[in-house]
Amino acid sequence: MELLVSDLSVARGGVPVLEGLNFRLAAGHALILRGPNGIGKTTLLRTIAGLQPPLAGRISLDREAMTYAAHADGLKATLTVEENLAFWAAVFGTDEVGAALEGFALRDLRARLAGALSAGQKRRLGLARLLVTGRPVWVLDEPTVSLDVEAVAMFVRAVRAHLAGGGMALMATHIDLGLDEAAVLDVGPFRARATQEDHFDGVFL
Amino acid sequence: MRDLRLAMRAGGGFGLGLAFFLIVVTLVPFGVGPETGLLARIAPGILWLGALLACLLSLDRILALDWEDGSLDLLATSPLPLEGIVTMKALAHWITTGLPLVIASPLFGVLMSLPEAGYAPLVLSLLLGTPALSVIGTFGAALTVGIKRGGLLLSLLVLPLYVPTLIFGAEMARRGAEGTATSTPMLMLAGISAGVIALLPFASGAVLRVNLR
């Protein structure tokens with residue numbers, strides 16, 4: 001199990017943002033993407049998650065092994081914390097709700113409506129969803145937004161446990177997680193130069 | 001898959017469509033006058049139009065909510081195929097909107113002084129036709145997902161696609177009310193629904209994939 005990205009170019013809204021990316025991520029390892037706002041980290045992660053096609057290059061990753069977490073947590077405000085997790089557990093066909101509640105200290109909040117949570121609590125619930133999926137490859141976009149120091153430590157513990165179990169994590173973040181074993185890739189030098197439109201999006205530009 | 005329906009039900013404006021249907025149907029006698037003969041003649045058409053508009057009302061909620069809170073992205077990367085997800089969304093929409101309309105339609109028939117013979121064909125025509133409305137509507141919702149104020153555009157896109165269903169549905173209800181044979185429009189209506197249910201989820205899934213880029 002490994003994630004192999006070779007000579008990848010990605011585009012946002014028909015405009016190329018990153019090109020010539022090469023990296024490899026093996027089981028049990030984490031890679032942190034860095035770069036200024038707007039450089040295309042989210043676009044890169046969405047491309048790797050299969051939500052949009054790459055402009056050029058190849059991504060070798062088993063889609064069935066990957067789970068994606070975006071800026072938005074995908075929570076239903078009218079369901080409780082536990083129901084939200086149970087829904088995703090059912091979608092991914094797993095039964096890990098208890099462990100996920102434990103991992104992000106959500107047990108006391110389990111009967112609370114997701115709409116009544118604070119921003120940091122929502123984020124924790126969004127991250128707890130990762131544990132529920134049981135997928136080995138985590139693709140995370142800014143996972144620590146609105147988390148306090150304690151919750152970031154919780155998140156790092158969860159990532160470490162995940163890596164120890166043979167998982168992988170690819171994440172874009174601006175803060176120092178204290179996850180020293182993770183490799184860091186600065187995507188700044190890969191900023192795309194030439195502007196070319198692909199046929200499909202060119203019609204709409 | 002069943003949980004998807006649950007999530008939908010918790011999030012959507014349940015019963016709104018039914019209330020809208022009731023208001024449309026009760027407004028008609030005020031508009032055209034209380035003459036029973038006239039009402040009975042236009043009843044099937046009005047009931048069908050009311051059901052169609054009530055269906056339209058909740059269409060933009062089908063995918064927009066999931067788009068806003070990001071769960072659509074997460075669902076797209078989940079093990080469920082997008083075609084299955086849109087089918088479930090359409091089913092959830094039908095259960096929360098179409099099915100209550102079907103069940104309540106005899107009551108509204110009374111309000112419109114529908115002839116006695118017309119009730120069974122009316123209910124049957126709505127039962128056969130409303131699934132098509134939900135599936136076509138989900139396709140429209142997939143087309144307009146992510147567009148700000150896509151509701152109006154959605155109506156413009158979807159209403160022409162509703163025409164065949166409306167023609168055969170209302171025709172079946174009308175023939176039933178007049179006591180003539182209903183099998184031809186019924187077969188056409190059932191054919192439209194079956195075809196739409198079989199084919200459109202694939203189109204919706206493909207459109208959604210493009211819209212998520």
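In chain A, 69% of the contacts with a separation of 6 or more join residues that are 24 or more positions apart. That is a handy way into this two-chain structure, which is a predicted model. The following paragraphs take chain A and chain B in turn, from the overall fold down to individual residues.

Chain A is built from six helices and eight strands. Followed along the sequence, these elements come in the order β-β-β-α-β-β-α-α-α-β-α-β-β-α. The radius of gyration of chain A is 17 Å, which agrees with the value near 17 Å for a compact globule with 205 residues. Along the principal axes, the C-alpha atoms of chain A fill a box of roughly 55 × 40 × 30 Å. Of the 205 residues in chain A, 51% are buried. The surface that chain A exposes comes to about 9100 Å², with carbon and sulfur atoms supplying 52% of it. Chain A also carries 20 positive and 23 negative charges, and the mean positions of these two sets are 2 Å apart.

A few residues of chain A deserve a closer look. T43(A) sits in helix 1 of chain A, which spans residues 41–48. Its relative accessibility is 4%, so T43(A) counts as buried, the cut-off for that class being under 20%. Leaving aside residues up to four places away in sequence, T43(A) touches V10(A), A11(A), R12(A), V17(A) and Q52(A). Strand 1 of chain A covers residues 2–12 and includes D7(A).

The backbone of D7(A) offers a detail worth checking in the viewer. Most residues other than glycine have a negative phi. D7(A) is not a glycine, yet its phi is positive, at about 50°. S146(A) is another non-glycine residue with a positive phi, in this case near 65°. While D7(A) belongs to strand 1 of chain A, S146(A) lies in the loop between strand 6 (137–141) and helix 5 (149–164) of chain A. S146(A) is classed as partly exposed because its relative accessibility is 43%, a value that falls between the limits of 20% and 50%.

Chain B has nine helices and zero strands. Its pattern along the sequence is accordingly written α-α-α-α-α-α-α-α-α. For 213 residues the globule rule gives 17 Å, and the radius of gyration of chain B is close to this at 18 Å, so chain B is as compact as a globular protein of that length. The box filled by the C-alpha atoms of chain B is roughly 55 × 35 × 30 Å along the principal axes. Buried residues account for 51% of the 213 residues in chain B. Among the contacts of chain B with a separation of 6 or more, 80% are between residues 24 or more positions apart.

The accessible surface of chain B is about 9300 Å², and 72% of this area belongs to carbon and sulfur atoms. As for charge, chain B has 12 positive and 11 negative charges, whose mean positions are 3 Å apart.

Confidence in chain B is worth keeping in mind while browsing. The mean pLDDT of chain B is 85, and 93% of its residues reach 70 or more. Within chain B, confidence is highest in helix 7 (residues 119–144), with a mean of 91, and lowest in helix 1 (residues 2–11), with a mean of 55. Where pLDDT is low, the predicted coordinates should not be read in detail.

Helix 7 of chain B is also the place of T144(B). With a relative accessibility of 8%, T144(B) counts as buried. Residues up to four places away in sequence aside, T144(B) touches G150(B), L153(B), L154(B), L157(B) and N211(B). T144(B) and A64(B) are 80 residues apart in sequence, while their C-alpha atoms are 8.7 Å apart in space.

L107(B), by contrast, is exposed, with a relative accessible area of 59%. This leucine is found in helix 6 of chain B, which runs over residues 82–111. From L107(B) to Y119(B) the separation is 12 residues in sequence and 9.5 Å in space, C-alpha to C-alpha.

Methods
Residues are numbered from 1 along each chain as its sequence is written. Chains are lettered from A and ligands numbered from 1 in the order in which they are written. This is a predicted model: local features need pLDDT of at least 70, side-chain atom pairs count only at pLDDT 80 or more; totals for chains, interfaces and linings use all residues. Side-chain values use heavy atoms; hydrogens and water are left out. Helices (H or I, at least four residues) and strands (E, at least two) are DSSP runs, numbered from the N terminus. The radius of gyration is taken over C-alpha atoms; the globule rule is 2.2 Å times the number of residues to the power 0.38. Buried means under 20% relative accessible area, exposed over 50%, partly exposed in between (1.4 Å probe, protein chains only). Contact means heavy atoms within 4.5 Å. Accessible areas come from the Shrake-Rupley method with a 1.4 Å probe; for residues, only the protein chains shown count as cover. Lys and Arg count as positive and Asp and Glu as negative; His and the chain ends are not counted. The place of a charge is taken as NZ of Lys, CZ of Arg, CG of Asp or CD of Glu. pLDDT is the predictor's confidence in each residue, from 0 to 100.
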